[in-house]
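Work through these exercises with the sequence and the 3D view side by side. Try each task before reading its solution.

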Amino acid sequence: TVALFATGFMQEHIIALGFFVVAILAEIAPAPIVFSAFESSALWLVFGGLFIAMGVQRTGLGDRLARVLLGLIGGTYFRVIVSLVLASLILMIVMPSVMGRVLILVPLAIAFAGRMGFALGGRPANGMVLAVALTSFLTSGGILPSNVANMVVAGNAETLFNINLTFAHYMLVQFPVGGLLKAVVVALVCWFFFRAEIAGKDASAAHPGPWTWPERRMA
């Protein structure tokens, strides 16, 4: 299974399903153990994030949000990078899944890039996607429930050492450097190495049009 994942010989979902089938048929372990990961709430947070991200793309809600937000923040590359970093920080407070946040914000960053006239895969577009991904991952240690690893640490601290970590105290200690300072560094680095002039039309001038029913439902 590891070799197939590493080489990409087959699609990942087929490899994973094959692993479960072999593990059950060969009785490598009882079914509750083989499927124990599906009992984890972290898995379903990521799973839900996948559906949300796909819905944002398919319904056109991501493109609408990109137009509206660009109209509010202006059309400079620096301001867009800062806005994406801030969006990642804000979402970190309410969504305890790094992968879920990435899956929601990356389509928005791609829509931003398209509205600014940047080709997908080009340096400016890559910088915008990196700003979202790096902020979501690197700053997640600054808020207690913002990633699975923090929750594991908090659970072990309570179980093994009778130490109860609170949201406010943890944030007061960790967020200034582990969250805010890292976010500033990510924004500056992504802007410095990937900055570019806007190549397309001003997205703020484009009217998004009336809301469709799929967009309303997705929102």
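**Exercise 1. What covers the buried residues of helix 2?**

Solution. The model is predicted, so local features need pLDDT of at least 70, side-chain atom pairs count only at pLDDT 80 or more, and totals for chains, interfaces and linings use all residues. Residues are numbered from 1 along each chain as its sequence is written, and side-chain values use heavy atoms, with hydrogens and water left out.

Step 1. Find helix 2 at residues 12-25. Helices (H or I, at least four residues) and strands (E, at least two) are DSSP runs, numbered from the N terminus.

Step 2. Pick out its buried residues: I15, F20 and A23. Buried means under 20% relative accessible area, exposed over 50%, and partly exposed in between, with a 1.4 Å probe and protein chains only.

Step 3. Look at what lies over them. The cover includes helix 1 (2-7) and helix 3 (31-34).

**Exercise 2. Describe how the buried and exposed residues of helix 2 are arranged around its axis.**

Solution. Step 1. Check the length. Helix 2 has 14 residues and reaches 20 Å from first C-alpha to last, close to the 20 Å expected at 1.5 Å a residue. The expected span is 1.5 Å times one less than the number of residues.

Step 2. Look down the axis. The buried residues of helix 2 fall within an arc of 135°, so they line one face of the helix. The arc is that of the directions from the helix axis to the C-beta atoms.

Step 3. Turn to the other side. There, L17 and L25 are exposed.

Step 4. Recall the general pattern. An α-helix has 3.6 residues a turn, so residues three or four places apart point the same way.

**Exercise 3. Find two residues with a positive phi and place them in the model.**

Solution. Step 1. Start just after helix 2, where E27 takes a positive phi of about 55°. E27 lies in the loop between helix 2 and helix 3. E27 is exposed, at a relative accessible area of 68%.

Step 2. Move on to N162. Its phi is near 60°, a positive value in a residue other than glycine. N162 sits in the loop between helix 9 and helix 10. At 63% relative accessibility, N162 also counts as exposed.

Step 3. Set this against the general rule. Most residues other than glycine have a negative phi.

**Exercise 4. Which residues of the largest nonpolar core touch the most other members?**

Solution. Step 1. Fix the term. A nonpolar core is a set of buried Ala, Val, Leu, Ile, Met, Phe, Trp, Tyr and Cys residues joined through side-chain atoms within 4.5 Å.

Step 2. Name the residues. The largest core has 31 residues, and Y77, I81, L84, F118 and M128 touch the most other members.

Step 3. Trace the sources. Helix 6 (77-94), helix 7 (98-115), helix 8 (123-138) and helix 10 (167-194) each supply at least two residues. Helix 7 gives the most, with 9 residues.

Step 4. Zoom in on I81. Leaving aside neighbours within four places in sequence, I81 is in contact (heavy atoms within 4.5 Å) with G127, M128, A131, A187 and C190.

**Exercise 5. Is S146 buried or exposed?**

Solution. Step 1. Locate S146 in the loop between helix 8 and helix 9 (148-161).

Step 2. Read its accessibility. S146 is buried, with a relative accessible area of 0%.

Step 3. Look for a partner. A polar atom of the S146 side chain lies 2.7 Å from the backbone oxygen of I143.

Step 4. Compare N150, in helix 9. N150 is buried, at 10%. Beyond neighbours within four places in sequence, its contacts are S140, G141, I143, L144 and Y170.

**Exercise 6. Place two glycines, then step back to the whole protein.**

Solution. Step 1. G100 is found in helix 7 and is buried, with a relative accessible area of 0%. G100 and I52 are 48 residues apart in sequence and 8.5 Å apart in space, C-alpha to C-alpha.

Step 2. G122 lies in the loop between helix 7 and helix 8 and is partly exposed, at 22%.

Step 3. Count the elements. The protein has 11 helices and 0 strands. Of its 219 residues, 33% count as buried.

Definitions and conventions
A polar contact is a pair of N or O atoms within 3.5 Å; within protein, one must be able to donate a hydrogen and the other to accept it, and residues adjacent in sequence count only if both atoms are side-chain atoms.
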